[in-house]
Amino acid sequence: METMPLDVLLEKHECLRLAWGVADAAGAFLRDERPGELEVFSKSTPTDVVTAMDRASEEMIVRRILETRPDDGIIGEEGSSRSGSSGVTWIIDPLDGTVNYLFGIPTWGVSVGVHVEGIGDVGVIATPDLCESYVGVRGHGAWRIRGDVAERISGRPTSSLDQALVSTGFGYAPDRRLSQVSVLEGLIAHIRDIRRTGCATIDFTWLASGRIDAYYERGIHPWDYAAGLVIVEEAGARTWTTSSPDSGTTVVCAMPAIFDDLVARLLALGVERGP
Ligand code: IPD
């Protein structure tokens, strides 16, 4: 297994040390400051508490980025978006997997992607309750970080779709969920099994580290996939995305041996269409 000190890895891109710093700090903040007993609040309150944590996380990340790089652009889930003049754009999900966070399920994360002139160069995903983080740097590989050590990762060498463990997610609108379930109904007999982590950014990290073989979802946003795409591509997966005004972005990512088969099946099932 190839390893390197985290400090050495962080030199591989001019934005990586900052991306790591903000994702790591926001993840620690969300883990350490998570209000206790969220489940005993009244029905509407816990969501508000989570929304407040989500916003505080984004404010912290954006403030730190702009202190160092005031000319960069920002796309943030919680509304901090601004255009920049440097050609560098930071694409941030300050808390992905909010429902998991609310329920105390450990699969939630902080995602920071960096685009340079429109190309995804850097992705950092922190998953603090799982005690690991992930880094992808274009041309320099995908890495899992535990403590101060970076371990190079790659996806599983799956050979056929019927052996593949596939993850997906569902939107929040009932009609979209139903159409997504009908796609899954057409797929599930042709794969090993399905997983639903409840956090798109975790799905990317699990594909990159060989815990699943593929991930697809319709209706996700740039902050859900900007960092994740860099990480899975650097881990050897192939990716396909398409966007439409009605559906948002559909992403399919899989290891190369099963990629064409999976994309063909999902397209035949209308994965990118519907409410
Ligand atoms: C959601 C999660 C979920 C995915 C949704 C996302 P949120 O993000 O990543 O797994 O299925 O598409 O919107 O709402 O928890 O930040």
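**Exercise 1. Count the salt bridges between domain 1 and domain 2, then look at Glu 233 and its partner.**

Solution. Keep in mind that this is a predicted model.
- Start with the count: there are 2 salt bridges between domain 1 and domain 2.
- Next, check where the domains lie: domain 1 covers 3-153 and domain 2 covers 161-268.
- Now zoom in on Glu 233, which pairs with Arg 138 in a salt bridge. Their closest N and O atoms sit 2.9 Å apart, and the cut-off for a salt bridge is 4 Å.
- Finally, add the polar contacts: 9 residue pairs are in polar contact between domain 1 and domain 2, both residues being at pLDDT 80 or more.

**Exercise 2. Find out which strand gives the most to the side of domain 1 that touches domain 2.**

Solution.
- List the elements that each supply at least two residues of that side: strands 2, 3, 4, 5, 6 and 7, along with helix 4.
- Pick the top contributor: strand 5, with 7 residues. On the chain, strand 5 runs over 119-127.
- Sort the residues of this side by type, and you get 15 nonpolar, 16 polar and 8 charged.

**Exercise 3. Work out how much area domain 1 and domain 2 bury between them, and which three residues of domain 1 supply the most.**

Solution.
- Take the total: about 2,100 Å² is buried between domain 1 and domain 2.
- Split it by atom: carbon and sulfur account for 63% of that area.
- Then name the three residues: Asp 96, Ile 125 and Arg 138 supply 22% of what domain 1 buries against domain 2, more than any other three residues. Arg 138 is also the salt-bridge partner of Glu 233.

Methods:
Residues are numbered from 1 along each chain as its sequence is written. This is a predicted model: local features need pLDDT of at least 70, side-chain atom pairs count only at pLDDT 80 or more; totals for chains, interfaces and linings use all residues. Side-chain values use heavy atoms; hydrogens and water are left out. Domain bounds come from an automatic or database domain assignment. Buried area is the accessible area (1.4 Å probe) that two parts lose on being put together, summed over both. A salt bridge is a side-chain nitrogen of Lys or Arg within 4 Å of a carboxyl oxygen of Asp or Glu. A polar contact is a pair of N or O atoms within 3.5 Å; within protein, one must be able to donate a hydrogen and the other to accept it, and residues adjacent in sequence count only if both atoms are side-chain atoms. Helices (H or I, at least four residues) and strands (E, at least two) are DSSP runs, numbered from the N terminus. Ala, Val, Leu, Ile, Met, Phe, Trp, Tyr, Cys and Pro count as nonpolar, Asp, Glu, Lys and Arg as charged, and the others, Gly among them, as polar.
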